[in-house]
Amino acid sequence: MNKNELRKKAEDWVYNGKPCIYRHGWAWKGARARLISQKEAARLLPKYSFGMGFYELSFTKHDGQDVLEFNELSENDMY
């Protein structure tokens with residue numbers, strides 16, 4: 001799936017009210033994720049994209065369910 005198709009899938013996911021999580025930092029460094037509302041996900045969506053960057057989107061699992069993850073990284077996460 002290319003980035004445009006992933007973007008469309010993410011938009012559909014959010015607007016259909018499917019579960020989304022937000023994480024600030026790397027999971028492997030201990031950053032925890034929390035469920036976010038559809039409203040918060042819709043607000044964040046324009047700023048985030050799939051691939052490398054400080055505002056990353058990805059489809060993943062959280063507590064056994066499929067979710068869309070919004071992961072915000074900072075320069076400190078790069079060390």
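**Salt bridges in the predicted model**

Being four residues apart in helix α1, D12 and K8 are separated by about one helical turn. In this predicted model, the side chains of these two residues, D12 and K8, form a salt bridge with an N to O distance of 2.9 Å. D12 has a relative accessible area of 33% and is therefore classed as partly exposed. K8 likewise counts as partly exposed, at 46% relative accessibility.

A further salt bridge joins the side chains of E11 and R7, at 3.6 Å from N to O. Both residues belong to helix α1, which spans residues 3-15, and E11 and R7 are four residues apart, about one turn of the helix. E11 is partly exposed, with a relative accessibility of 29%. For R7 the value is 22%, so this residue also counts as partly exposed, given that the buried class is reserved for values under 20%.

Outside this helix, the side chains of R23 and E69 meet in a salt bridge of 3.1 Å, N to O. This pair connects distant parts of the chain, with R23 located in strand β1 (residues 20-24) and E69 in strand β5 (residues 65-72), 46 residues apart. R23 and E69 are both buried.

In addition, a network of salt bridges links R34, E40 and R43. In total, the structure contains six salt bridges. In general, side chains of opposite charge can pair when their charged atoms come close.

Key
Residues numbered from 1 in each chain as written. Predicted model: local features only at pLDDT ≥ 70, side-chain atom pairs only at ≥ 80, totals over all residues. Heavy atoms only, no water. Salt bridge = Lys/Arg side-chain N within 4 Å of Asp/Glu carboxyl O. Helix = DSSP H or I, 4+ residues; strand = E, 2+ residues; numbered from the N terminus. Buried < 20%, exposed > 50% of the residue type's maximum accessible area, 1.4 Å probe, protein only.
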